[in-house]
Amino acid sequence: MTKAFLFDMDGVLFDSMPGHAFAWVKAVGRFGLSMTAEEVYMNEGRTGAGTINALAQRTWGRNATEEEIRSIYAAKSAIFNEYFLARGEAPVMPGVCDVLERVRARGLQRVIVTGSGQHSLLDNLNRHFPGMFRRELMVTAFDVKRGKPDPEPYLIGLQKAGISADEAVVVENAPLGVEAAHAAGIFTIAVNTGPLPDATLWAAGADRVYADMHALAKALDNSLKKRNTA
Ligand code: CA
């Protein structure tokens, strides 16, 4: 019996990944590190420190210092903000409001599980999705030690919602996020909103893969109809 849907944020609620890819590539280049846009998508979900250390190991043969991590992450955040200032803010993912409404209509809890550490997160969510999310049911970078692909963020999400893994469904878009949710033992729906092939999501352990949020909303309608006629 499903009691809650756990939603990732970037690439699920907001179509923000193109901005993250742009910002990571540009920011790390300023510090003598390199990263392709495809690598940004493959690493999506990791904490900022985890991503920076992986790049530092590759180029410098060592982890980044605390100061380097702070500077690089600050540069990345600044470039990300400029990117969307120039284009208007990160758009809401097309079709995701339909998905959220269907989940709410079934009386299911909505939980956010994100690696993001923006302090303005809840305000942002409330502005775009009024009444849909609550502070107590959010897992952010401030809650976790290990971050995705470790199952920790999703396990904390279950704990905050007071439910077990078989009472939850996860909606993710990235391979490492799917890996984290699958490792937490939760039924995982992947919606492929980015440029990677579906095979990367299946390989990470997705139970379903949809092309976009409209397809997921339709699937939720169909499963509801099935239940009503059963
Ligand atoms: Ca994501």
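Buried means under 20% relative accessible area, exposed over 50%, and partly exposed in between, with a 1.4 Å probe and protein chains only. We're working on a predicted model, where local features need pLDDT of at least 70, side-chain atom pairs count only at pLDDT 80 or more, and totals for chains, interfaces and linings use all residues. Residues are numbered from 1 along each chain as its sequence is written, and side-chain values use heavy atoms, with hydrogens and water left out.

**Exercise 1.** Work out which parts of the chain the R102 and D221 salt bridge links, and classify both residues by accessibility.

*Solution.*
- Start with the pairing criterion: a salt bridge is a side-chain nitrogen of Lys or Arg within 4 Å of a carboxyl oxygen of Asp or Glu. R102 and D221 qualify, with their closest N and O atoms 2.7 Å apart.
- Next, place them: R102 is in helix α5 (residues 96-105) and D221 in helix α10 (residues 213-229), so to speak distant parts of the chain, 119 residues apart. Helices (H or I, at least four residues) and strands (E, at least two) are DSSP runs, numbered from the N terminus.
- Finally, accessibility: R102 has 25%, so it counts as partly exposed. D221 is partly exposed too, at 27%.

**Exercise 2.** Take the salt bridge between D8 and K148 and find what it ties together.

*Solution.*
- Check the distance: the closest N and O atoms of D8 and K148 are 3.0 Å apart.
- Locate the ends: D8 sits in the loop between β1 (4-7) and α1 (17-30), and K148 in the loop between β3 (138-139) and α7 (152-161), so the bridge ties together parts 140 residues apart in sequence.
- Look at burial: both D8 and K148 are buried.
- Widen the view: D8, K148 and E172 are linked in a network of salt bridges. The structure holds 11 salt bridges.

**Exercise 3.** Describe the surroundings of T188, starting from its strand.

*Solution.*
- T188 belongs to strand β5 (residues 187-191).
- With 0% relative accessibility, T188 counts as buried.
- Its side chain reaches the backbone oxygen of I186 at 2.8 Å.
- Now list contacts (heavy atoms within 4.5 Å). Skipping neighbours within four places in sequence, T188 touches V170, V178, A181, H182, A206, D207 and R208.

Methods. Polar contact = N/O pair within 3.5 Å; in protein donor to acceptor, adjacent residues only side chain to side chain.
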